[in-house]
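Subject: A structure for you to look at

Hello,

Here is the structure I promised to pass on. Please open it beside this message, and my notes follow below.

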Amino acid sequence: MTQALAKRHAIMIIGQSGSGKTATAEALWLHLKGGIPDLKRVHITHGPDQLRTDTTVPPVLYDIEDPWGRFKFEPDSRPWNDQLAPAFESARHDRIFIFCANSACRSSCATSLTASLT
């Protein structure tokens with residue numbers, strides 16, 4: 001995962017509830033912070049508008065957890081379908097993204113994101 005972050009500056013962690021996605025994101029942030037002392041972490045919990053309007057000065061890591069719903073697809077999360085791929089495409093060495101998604105939601109939405117990022 002650290003190699004993927006070094007190359008693309010964005011990763012997706014997909015797994016079942018309780019599989020350690022959030023703990024892995026935390027460990028990655030701590031690892032990155034060791035090499036980037038001023039790295040700030042921003043939890044994106046209020047949808048793509050929060051990400052779009054965020055004014056945190058880089059370097060910044062955006063931690064986007066279960067944007068489509070924690071246990072099942074939430075209809076209110078549809079804005080992420082169009083906004084997440086462009087956000088990840090904007091990733092760079094000082095603007096890093098970690099996206100965690102429940103595998104139950106993956107089939108609903110993450111497939112299109114994966115295709116757009118490869």
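A good place to begin in this predicted model is Leu51, which, leaving aside its neighbours within four places in sequence, is in contact with Ile44, Tyr62, Ile64, Trp80, Ala87 and Phe97. Leu51 also belongs to the largest nonpolar core, a set of 15 residues. Within that core, the residues that touch the most other members are Leu51 itself, Ile44, Tyr62, Ile64, Phe88 and Phe97. Two or more residues come from each of β2 (40-44), β3, α4 (79-89) and β4 (95-102), and α4 gives the most, with 4 residues. There is also a second, separate core of 12 residues, which includes Leu5, Leu61, Ile98 and Cys100. As background, nonpolar side chains tend to be buried together in soluble globular proteins.

Some of the aromatic rings deserve a look too. The chain has 3 aromatic pairs. One of them joins Phe88 and Phe97: the ring centres are 5.4 Å apart and the planes make an angle of 40°, so the pair counts as tilted. Both partners are buried: Phe88 has a relative accessibility of 5%, and Phe97 has a relative accessible area of 0%. Ring pairs also link Tyr62, Phe88, Phe97 and Phe99 into a cluster.

Now for the overall layout. The chain has 5 helices and 4 strands, and along the sequence they follow the pattern α-β-α-β-α-β-α-β-α. The 4 strands form an open sheet with parallel pairing, in the order β1-β4-β3-β2. At the edges are β1 and β2, each of which pairs on one side only. From one strand to the next, the twist averages 15°. If you would like to see one pairing in detail, try β3 and β4, which run parallel and are joined by 6 bridges. There you will find Glu65 opposite Cys100 of β4, and Cys100 is also one of the residues in the second core.

Two spots in the backbone caught my eye. In general, most residues other than glycine have a negative phi, and most peptide bonds are trans. A cis peptide bond, with omega about 10°, joins Pro58 and Pro59. Pro59 sits in the loop between α3 (48-53) and β3 (60-65). The other spot is His9, which has a positive phi, near 65°. His9 is in the loop between α1 (2-8) and β1 (10-15). Is His9 buried or exposed? Its relative accessibility is 18%, under the 20% cut-off, so His9 counts as buried.

For contrast, have a look at Asn81 in helix α4. Asn81 is partly exposed, with a relative accessible area of 31%. The C-alpha atoms of Asn81 and Pro48 are separated by 9.7 Å, with their positions 33 residues apart along the chain.

Finally, a few totals. The chain has 118 residues, and 42% of them count as buried. Its accessible surface comes to about 6600 Å², with 53% of that belonging to carbon and sulfur atoms. Among contacts with a separation of 6 or more, 62% are between residues 24 or more positions apart.

Enjoy exploring it, and do write back with any questions.

Best wishes

Terms used:
Residues are numbered from 1 along each chain as its sequence is written. This is a predicted model: local features need pLDDT of at least 70, side-chain atom pairs count only at pLDDT 80 or more; totals for chains, interfaces and linings use all residues. Side-chain values use heavy atoms; hydrogens and water are left out. Buried means under 20% relative accessible area, exposed over 50%, partly exposed in between (1.4 Å probe, protein chains only). A nonpolar core is a set of buried Ala, Val, Leu, Ile, Met, Phe, Trp, Tyr and Cys residues joined through side-chain atoms within 4.5 Å. Contact means heavy atoms within 4.5 Å. Two strands pair if DSSP finds at least two bridges between them. Axes are lines fitted to C-alpha atoms, for helices over the stretch in contact, and angles run from 0 to 180 degrees between N-to-C directions. Accessible areas come from the Shrake-Rupley method with a 1.4 Å probe; for residues, only the protein chains shown count as cover. Rings of Phe, Tyr and Trp (its six-membered ring) pair if their centres lie within 6.5 Å; planes under 30 degrees apart count as stacked, over 60 as edge-to-face and the rest as tilted.
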